Amino acid sequence: MLKSIAVMTSGGDSPGMNAAARAVVRTALYEGVTVWGIHDGYHGLLEEDMVKMESKDVGDIIQRGGTFLGTARCARWKTPEGRQLGYKHLIDRDIEGLCVIGGDGSLRGASLLSKETGIPIVGLPGTIDNDVWGSDYTIGCDTAANTIIDAINKLRDTASAHRRVIVLEVMGRNSGWLALISGISGGAEYILVPEAPYDLEAICEDMKKAYEKGKRYILVVVAEGAGSAKEVGDFIAERTQLETRISVLGHIQRGGSPTVIDRVRASQLGEQAALALISGLSNIVFGFSKGHVVSIDLHDSVNNKKKLDPDYLHLSKVLF
């Protein structure tokens with residue numbers, strides 16, 4: 001049984017990271033285990049920016065977006081020398097295990113550290129993109145999707161009033177989950193994702209026919225990895241001569257108070273991560289499958305690519 005563990009958040013922030021870290025800290029303390037908080041992810045680990053945590057240190061944070069521990073990119077962590085230095089800083093404080101909350105890149109860095117040093121590592125999938133292999137859910141994805149839906153609802157009002165085409169760009173460089181789920185939920189006419197090819201010429205022809213039949217507005221949701229809203233919007237405006245406006249949500253998708261789903265699921269995952277580390281388990285990512293917490297091999301999670309659910313892709317076409 002481990003006597004001392006640490007927790008960090010890494011990569012892009014996502015709503016619910018605080019809930020997960022809070023659960024790790026309080027579960028460890030409940031089990032009589034010392035727990036350290038590492039500030040600013042791998043960068044903070046290399047700079048030895050870490051403190052012992054008490055229960056009060058994670059009070060009043062479950063409702064907050066972002067991450068109270070902070071997060072930062074860290075080029076040095078990509079080198080073996082950087083990871084060895086981080087390992088030394090953990091060992092110097094008698095830290096026996098590490099919980100990493102982050103997305104694919106953060107978990108990949110954790111996987112390398114585990115392979116090279118043998119230190120027990122447990123990961124939690126914290127990313128709004130919901131693109132971590134082996135899990136149906138990642139911390140923050142529900143809040144981000146609801147943020148997009150709120151924007152869609154508002155854009156629909158002005159689109160209808162002016163008979164416009166609205167092109168909304170959302171996050172998702174390599175994964176179209178956010179675009180697909182929010183597009184289906186928001187009733188978008190077209191959803192463009194990097195995983196599925198599309199024909200803008202054909203889409204424009206369909207738009208013109210729809211307007212000729214009395215359509216008042218059209219909403220297009222595009223994942224950033226499938227094309228920029230400006231390029232898509234300019235193309236549509238030129239080909240259709242329809243009044244077209246674009247909107248790019250940007251980093252507003254990362255912020256905001258987490259939803260109930262993100263608070264509860266992140267708390268469940270945090271508890272499981274702490275208990276697993278304390279018991280000596282390693283190289284695990286905890287996620288959800290069909291509503292239940294599941295464990296995923298850490299190395300498998302970072303070496304496999306998650307695919308969009310084909311049923312959702314089919315549904316998006318049927319509901320048009």
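E189 counts as buried, with a relative accessibility of just 10%. This is a predicted model, and that residue is a handy way into its salt bridges.

E189 pairs with K215 in a salt bridge whose closest N and O atoms are 2.9 Å apart. K215 has 29% relative accessibility, so this partner counts as partly exposed. Where do the two sit? E189 is in the loop between α6 (177-186) and β7 (190-192), while K215 is in the loop between α7 and β8 (218-223). The pair therefore ties together parts that are 26 residues apart in sequence.

Now for the helix on one side of that second loop. Helix α7 covers residues 200-212 and helix α8 covers residues 229-240; their axes come within 10 Å and cross at roughly 55°. Oblique is the term for angles that are not under 35 degrees, not over 145 and not in the 65 to 115 range, so α7 and α8 are oblique to each other. As for the hand of the crossing, α7 and α8 make a right-handed one.

Which residues meet there? From α7 come L200, E201, C204, M207 and K208, and from α8 come V232, F235, I236, R239 and T240. Sorted by class, the contact of α7 with α8 has 6 nonpolar residues, 1 polar and 3 charged.

R239 turns up again among the salt bridges: the side chain of this α8 contact residue also meets that of E238, at 3.5 Å from N to O. R239 is partly exposed, with a relative accessible area of 32%, whereas E238 is exposed, at 55%.

A further pair is R245 with E243, whose side chains meet in a salt bridge at 2.9 Å, N to O. R245 counts as partly exposed at 37% relative accessibility, and E243 is partly exposed too, with a relative accessible area of 35%. This pair has company: salt bridges that share partners join R164, E243 and R245 into one network.

Here are the three pairs side by side:

| Salt bridge | N to O distance |
|---|---|
| E189 and K215 | 2.9 Å |
| R239 and E238 | 3.5 Å |
| R245 and E243 | 2.9 Å |

How many salt bridges are there in total? The count comes to 14 salt bridges, and the pairs in the table are among them. As a general point, side chains of opposite charge can pair when their charged atoms come close.

Note on methods. Residues numbered from 1 in each chain as written. Predicted model: local features only at pLDDT ≥ 70, side-chain atom pairs only at ≥ 80, totals over all residues. Heavy atoms only, no water. Axes fitted to C-alpha atoms, helices over the stretch in contact; angles between N-to-C directions. Helix = DSSP H or I, 4+ residues; strand = E, 2+ residues; numbered from the N terminus. Left-handed = near helix turned anticlockwise from the far one by under 90°. Contact = heavy atoms within 4.5 Å. Nonpolar A, V, L, I, M, F, W, Y, C, P; charged D, E, K, R; others polar. Salt bridge = Lys/Arg side-chain N within 4 Å of Asp/Glu carboxyl O. Buried < 20%, exposed > 50% of the residue type's maximum accessible area, 1.4 Å probe, protein only.
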